[in-house]
Amino acid sequence: MNIRQAVKMAWKSIIGKKGRSMLTMLGVIIGIAAVMTIVSVMSGYAAKTMEQFSAMGSNKITVDIYSYFYEVDENGNAVSSGRDYFPDLYAYCKSIPQYIVGVTPQAYASVNVVYGTKNSANFEWDWETQTGQRSPDVYYVSNQYSACNNLTITKGRDLSELDIERYNQVCVMGSQAAEAFFDSADPVGKILQLNGQSFEVVGVYAPRITGSDAQSSFIDNIIVLPYTARRLLGGENISSFIVKAKDGVSTTEVATRIRGFLKGLVDPSMGDTWVQPDDRWQQSMNEQMGMISLVLGGIAAISLLVGGIGIMNIMLVTVTERTREIGIRRAIGAQRSSIVTQFLIEAAMLCGIGGVIGILIGTLGCYVAGNLLFHMTIYPSAAVTAGALGFSVLLGLIFGSYPAIKASKLQPVEALRAE
Amino acid sequence: MASLIELKDIYKIYGEGLESEVRALDGVTLTIEKGEFVAVVGQSGSGKSTMMNVLGCLDIPTRGDYLLEGTDVKELTDKELSRIRNKEIGFIFQQYNLIQSLTVLENVELPLIYQGINADDRYDMALEALERVGLSKRVKHKPTEMSGGQQQRVAIARAIATKPPIIMADEPTGALDSRTGHEVLEFLQQLNREGTTVILITHDNGIAATARRVVRLTDGKIVEDKEQEVDWL
């Protein structure tokens, strides 16, 4: 008897008892759907997060330099929150161009942005409905900010070294921020009011994420100013910097070099430093996501196991019910192996069909869970889908083997006597 | 040349050594030649069904040798025994033993499927067998939609579809009325005339009269083995 015949027989038998087949499959359906949803949502979320990371550029090293002490004037008021280390860091990075592409402060400036009737203080963003307008993030940066963050100019010009040196009141806008204030009009040459001070827009960066994901990621909703503008607008001392290493250079090695340099620069009694490659952070996040997936996936896998035992149960009942049929088949020439094949294939098909239904529900589950939890559309990967289908068939083969072997062990004469 | 069937001192004992020991076959020695029409006759409990199960390789004797065309069936594997049941022997049972979930055609095709015959040839062979029993017009029906006589004719078609050299019929008319039973016996005689060896198991002396040779069993022993004038139908 060949496999095609066995598949035909199994299909007839499954279709012949639709209600029971459906109930039998339920365990597998739920198990597969749960595993699919959990694994796909977790890995999908991780992948999209990584996508944003890489959109902002890889090979980055975060350098934080904190000062313990404030400089005070004769009246005891803080005039500056410590020394400005950036010129030293900038000079050092410039001295090792074989390792480093650029260096920039990345300091958040808490400023209000106004253009005409548009005021960032009135911007509102609703997380639930993913609608509205989020107020832009304003950063104090150097002219190397774009090089460090994968940004390219699409209109006007980038910040220049002169802008920094001369305390120019200029800014460059990210694509989302530009759209928020100017819609489709050209922002270049327009004047923004930042905390009441006039800043001229000199350029606009090209969007880094396009398509449906752009809305929910805010990495292009930025306005960057020369860091020297802090003198005008105030704010905390700049303590956070981004160093971008060259492609193919080990970020760990560059981080070690910078640590060595800072050791000589920052007096340990005056401040502290922290240097960490960004991919380290990505790595640990990946590990965490992997752990969570493993635990949740494990729980879902237990439900699959229970589903498999259900299959075994029903297959045993089926074998008992069809003892006479087995006897007839044996009497007219079916070998033991034919009987094993028949029942194994029936179990595998039952699980396989359950698997397909589970995959469909799991895909829907991914879509719903992705949107509810992370506001992103996630579909299961081809590998996960193929794996789920393969695993469900395997489940049928494993849990179907005991009933199938039991069926084949029946003596023809005894099987024929069964009612 | 070896006889077709040779039973040598065959025992089939249930619960051997116990007080409740039952000797279904108690030292049976019997030879059947090719082309014979043998009726095995006996009362209920005489061991005649056990005899057919042993002859048909459906059951294994407790002791004794069974040579089928000179081969000791004790030495055969499950695969080889399955092949014998499939190719050498056609079974006809009292209760028809058709698979209810399959159509008439599928039932008749079943032994051919286990032979690995391709779908086209299988269909032709099954249809030919059904034509012989006069049921070629009802191939798509389920057994439950047919009368007892028709079901038994399907069972006969299944038994002859592989053109086996031996037909074993266990009370083939037991569930039928006398007219359809008569047709079944007539058909067996016809097969025998074409050269098929027929072994007919029955409790009915009248039915046994259709056979050339009668083997009478009582309590698992052969008490009579005679040739007789055939009651041709």
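Reader: How many residues do chain B and chain A each bring to the contact?

Author: In this predicted model, chain B contributes 19 residues and chain A contributes 17 residues. A residue belongs to such a contact because its C-beta atom, placed from the backbone, lies within 7 Å of a C-beta atom of its partner. On the side of chain B that touches chain A, helices α2 (78-87) and α3 each supply at least two residues. The largest share of that side, six residues, is from α2(B).

Reader: What makes up the side of chain B that touches chain A, by class?

Author: That side holds seven nonpolar, six polar and six charged residues. Glycine is counted among the polar residues in this division.

Reader: How do you know whether the radius of gyration of chain B agrees with that of a compact globule?

Author: The rule is 2.2 Å times the number of residues to the power 0.38. For 233 residues it gives a value near 17 Å, and chain B has 18 Å, so the two agree. The C-alpha trace of chain B spans about 50 × 40 × 40 Å along its principal axes. Its secondary structure comes to seven helices and ten strands, and 45% of its 233 residues count as buried. Among the contacts in chain B between residues at least 6 apart in sequence, 70% join residues at least 24 apart.

Reader: Why is B:Cys57 called buried?

Author: The cut-off is 20 or more other C-beta atoms within 10 Å. B:Cys57 has 22, and is therefore buried. This residue lies in the loop between α1 and β4 of chain B. Its phi is near 60 degrees, a positive value in a residue other than glycine. Most residues other than glycine have a negative phi.

Reader: What makes B:Asn97 buried or exposed?

Author: With 21 other C-beta atoms within 10 Å, B:Asn97 is buried, because 20 or more are required. B:Asn97 is placed in the loop between β6 (89-92) and α3 (104-115) of chain B. Although not a glycine, B:Asn97 has a positive phi of about 55 degrees.

Reader: Which are the edge strands of the open sheet β2-β1-β4-β5 in chain B?

Author: The edge strands are β2 (22-32) and β5 (71-72) of chain B, each of which pairs on one side only. The pairing in this sheet of four strands is antiparallel. Two strands count as paired if at least two bridges are found between them. Strand β4 (residues 63-68) of chain B and β5(B) have two bridges, and B:Leu67 stands opposite B:Asp72 in β5(B). Helix α1 (residues 48-55) of chain B lies across β1 (5-14), β2 and β4 of that chain, at about 55 degrees to β2(B).

Reader: Why do β4 (100-105) and β17 (271-277) of chain A stand at the edges?

Author: Each has a single partner strand, so one side of each is left without a neighbour in the sheet. This open sheet of chain A has four strands in the order β4-β16-β1-β17, with antiparallel pairing. Its neighbouring strands are turned by 15 degrees against each other on average, with direction ignored. Seven bridges join strand β1 (residues 60-67) of chain A to β17(A), and in β17(A) the bridge partner of A:Ile61 is A:Pro277.

Reader: Which helices of chain A pack on this sheet?

Author: Helix α3 (residues 86-95) of chain A touches β1, β4 and β16 (240-245), and its direction makes about 175 degrees with that of β4(A). Helix α8 (residues 251-265) of chain A touches β1, β4, β16 and β17, and its direction makes about 170 degrees with that of β17(A).

Reader: How do you know whether the faces of strand β12 (residues 170-173) of chain A are covered?

Author: Both faces are covered: A:Val170 and A:Val172 on one side, and A:Cys171 and A:Met173 on the other, are all buried. Side chains alternate between the two faces of the sheet in a regular strand. Four bridges join β12(A) to the parallel strand β14 (residues 197-205), where A:Cys171 stands opposite A:Val201. Two bridges join β12(A) to the antiparallel strand β15 (residues 222-226), and A:Met173 has A:Ile223 as its bridge partner there.

Reader: What separates the centres of domain 1 and domain 2 of chain A?

Author: The separation is 54 Å, taken over C-alpha atoms. The domain assignment gives domain 1 as 3-50 + 285-417 and domain 2 as 69-269.

Terms used: Residues numbered from 1 in each chain as written. Chains lettered and ligands numbered in written order. Predicted model: local features only at pLDDT ≥ 70, side-chain atom pairs only at ≥ 80, totals over all residues. Buried ≥ 20, exposed ≤ 12 C-beta atoms within 10 Å, placed from the backbone. Contact = placed C-beta atoms within 7 Å. Axes fitted to C-alpha atoms, helices over the stretch in contact; angles between N-to-C directions. Domains from an automatic or database assignment.
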